[in-house]
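Please open the model in your viewer and keep the selection panel at hand. This tour goes from one selection to the next, and at each stop it says what is to be found there.

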Amino acid sequence: MKVRVDRELVRLSRSGNDKKTGKQIYDFFLALAACNTIVPIVVDTPDPVEKLIDYQGESPDEQALVYAAAAYGFMLIERTSGHIVIDIHGDKQRFNVLGMHEFDSDRKRMSVILGCPDKTVKVFVKGADTTMFNVIDKSLNSDVVKATETHLHSYSSIGLRTLVIGMRELSSQEFEQWRSSYEAATSALMGRAGLLRRVAINLEKNLSILGASGIEDKLQRGVPEAIESLRTAGIKVWVLTGDKQETAISIGYSSKLLTSAMTRIVINNNSIESCRKSLEDALVTASVPRAGTSRDDASSIALIIDGTSLVYILDSELEEQLFELSSKCAVVLCCRVAPLQKAGIVMLIKKRTKDLTLAIGDGANDVSMIQKADVGIGISGQEGRQAVMASDFAMAQFRFLVPLLLVHGHWNYQRMGYMILYNFYRNAVFVLVLFWYALFTAFTLSTAINEWSSVLYSVIYTSVPTIVVGILDKDLGKTSLLKYPQLYGAGQRQESYNSLLFWLTMADTLWQSIVAFFIPLLAYWKSDIDGPSIGDLWTLAVVFLVNLHLAMDVTTWNWIIHASIWGSIVATIICVIIIDSIVILPGYWAIFNLAGDGMFWICLIVIVVASLIPRFVVKTLVQHYKPSDVQIAGEAEKFEGIMESRSAEIEMNQHHR
């Protein structure tokens, strides 16, 4: 790894403890190399003399800091549970690790106690600026404190993730007091985490500031485009991060989540009363329409709120006001939030709306949020696998969320919605034929259809096309769904499954069952045909109907769908012939006697045509006079070549939520 270094800083770091500035720089890089959980791994090279060191750790930020320290001559080369070895400008020095308090979401910092070669004991601490400045003695190096604050602001303004580093030397008495408290806490059977946190807080105080670091957290490829697509699809995007407010805002702009045209509402408060007043003022601001916008237009408002304010708002009477304000905003950006606050934000939405929530994250801090959401997605990467292990879906990059939702989400919604209606229809039309027969025969014990055909109806006659079409059919191609994200709104508007469609399907089912039952009955009214024979006609008519009904709605034809639909019809005919060829079963040879009569084929054709014409007419009229966005895009796909040659655009319907 190549790291660009500041030559002057390298020169000062070499001066060591000789000068005050050199000592601070020495301690600063020593803290970067030591205050972490990185494990150095020696890697062999083709040259047996030359060895490389690879730093392994859960946090890429820690890896970056250790690499930076190595670039300036403070190279961590060995770590055990009891000591570390650091090569400082060619001089290998051993430091005893006397104790370590790892990072937690309450303290937002970590510390390590080192026994130095000069027999002194020092504690090095690094963490978020909001917590570090509370434990730093600002009377010491006040000029460095002010300069650090200025640097932190400039770092965060350009989107860098910042940390503050501090230290202090422990006296023998302070160290012994800490060690006794630490040993008591680690051996406690109950409340160990709380006791260790208390010990760490007592240790991490009156620190001398050493400096600050800024790490560029580059956006993954395709993140701005992905967020833009999600928002175009009508999905509200909230960002919950532990970064500083300035860093979060900078990332918001770079990811196209925030725009310069937006009105920013910022809530940073330290009391419940000030939070209440800020929320009331923000509600007034959000309710007043800007010039050129309507009162219901939230596309120009962004809410930015910090974790300190959320402490007073969540689980209080102010929750309702926060939700009302958030509902009026296009973007909500929560910064400096703890993991439990992330989960609290998710629950805030789930408790007050029927909308589904999706949480996506890549680190351990996102686990609680992922588990609370309706759908949890973990991004596998350098932050570890905790998020992936706690999620419903795992992916390698954020941009893969777009095809997951806009493509596969749309396809699955369309398939599920249609298949629910189709399976109601498929079973109801068969049962209604039996019902009309029972009604017509005054509920005698005789049956209209052979028992074997009744069993095979859902096993062989109609099951395979249902499964195949439910898996393979696609109402639109991937290209169209990605090109026009607003097509995802079909699911939000419940276009594929709603109460109107259900009752229309039931009415169509009722009509088809009446046609299928009464046309054969009336056609053979004065004939001497027996019940099993006309039962075979009813069976074939219903199977023809449901499979042709399904074929009318298939969008993407392929050989598997062709084979399943037409093969099921052929399989039904074969099964009916086999059943009527078995002497011991009722209706022996019935299909052969019936199929030899031209009336059988006339009835079969009339049933299919009369049953499906109303559905065909309604579908044609709706698609011609009131097409949905999906139907418009589907027609565009059919004439894709013509549209591309004319550089045409698709005009979607205007929808309001």
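Two strands are said to pair if DSSP finds at least two bridges between them. With that in mind, and remembering throughout that this is a predicted model, select strand 12 (residues 301-306) and strand 13 (331-335), which run parallel and are joined by five bridges. One of these places can be picked out by residue, since D306 has C335 as its bridge partner in strand 13.

**The four-stranded sheet**

Now widen the selection to the whole sheet, which is open, has four strands in the order 10-13-12-11, and is paired in the parallel sense. Strand 10 (237-240) and strand 11 (263-267) are at its edges, and because each has a single partner strand, one side of each is left without a neighbour in the sheet. If you look along the sheet, the twist from one strand to the next averages 15°.

The other pairings can be followed in turn. Strand 10 and strand 13 are parallel and share four bridges, and here V239 has L333 as its bridge partner in strand 13. On the other side of the sheet order, strand 11 is joined to strand 12 by five bridges, again running parallel, and R264 is partnered by A302 in strand 12.

Stay for a moment with strand 13 and colour it by burial. How many of the five residues of strand 13 are buried? Five of the five are buried, so strand 13 is largely enclosed by the rest of the structure. In a regular strand, side chains alternate between the two faces of the sheet. In strand 13, V331, L333 and C335 are on one side and V332 and C334 on the other, and both faces are covered.

Next add helix 12 (residues 319-327), which lies across strand 10, strand 11, strand 12 and strand 13 and runs at about 145° to strand 12.

**Helix 8 and what follows**

Select helix 8 (residues 223-232), where V223, P224, A226, I227, S229 and L230 are buried. These buried residues pack against strand 10, helix 9 (245-254) and helix 16, so that strand 10, already seen at an edge of the sheet, comes into view again. Just after helix 8, look for G234, which takes a positive phi of about 90°.

**Two annotated aspartates**

Select D362 and D366, which the unreviewed UniProt entry covers with the annotation "binding site". D362 lies in the loop between strand 14 (358-361) and helix 14 (367-372), and D366 is likewise in the loop between strand 14 and helix 14. Are D362 and D366 buried or exposed? D362 has 32% relative accessibility and therefore counts as partly exposed, whereas D366, with a relative accessible area of 8%, is buried. The backbone nitrogen of D362 lies 3.1 Å from a polar atom of the side chain of D366. Leaving aside residues up to four places away in sequence, D366 touches K342 and G361.

**The nonpolar cores**

Move on to the largest nonpolar core, which has 49 residues, and in which Y457, Y461, W538 and F600 touch the most other members. Several helices each supply at least two residues of this core, among them helix 16 (401-440), helix 21 (499-523) and helix 25 (598-625), while helix 22 gives the most, with 12 residues. Centre the view on W538, whose contacts, not counting residues up to four places away in sequence, are V433, Y437, A448, I449, A516, F517 and P520. Apart from this core lies another one, of 36 residues, including F28, I38, V112 and I165. In soluble globular proteins, nonpolar side chains tend to be buried together.

**A hairpin and a buried histidine**

For the last stops, select strand 3 (residues 74-79) and strand 4 (residues 83-88), which run antiparallel and are joined by five bridges. A hairpin of three residues connects strand 3 to strand 4, and R79 has I84 as its bridge partner in strand 4.

Finally, select H101, which is in strand 5 (residues 91-101). At 5% relative accessibility, H101 counts as buried, because that value is under 20%. The side chain of H101 is joined to that of W178 by a polar contact of 3.1 Å. Beyond residues up to four places away in sequence, H101 touches several others, including R107, M110, Y182, L196 and E204.

Technical notes. Residues numbered from 1 in each chain as written. Predicted model: local features only at pLDDT ≥ 70, side-chain atom pairs only at ≥ 80, totals over all residues. Heavy atoms only, no water. Buried < 20%, exposed > 50% of the residue type's maximum accessible area, 1.4 Å probe, protein only. Polar contact = N/O pair within 3.5 Å; in protein donor to acceptor, adjacent residues only side chain to side chain. Contact = heavy atoms within 4.5 Å. Axes fitted to C-alpha atoms, helices over the stretch in contact; angles between N-to-C directions. Core = buried A, V, L, I, M, F, W, Y, C linked by side-chain atoms within 4.5 Å. UniProt positions renumbered as here; feature names shortened; annotations may be inferred.
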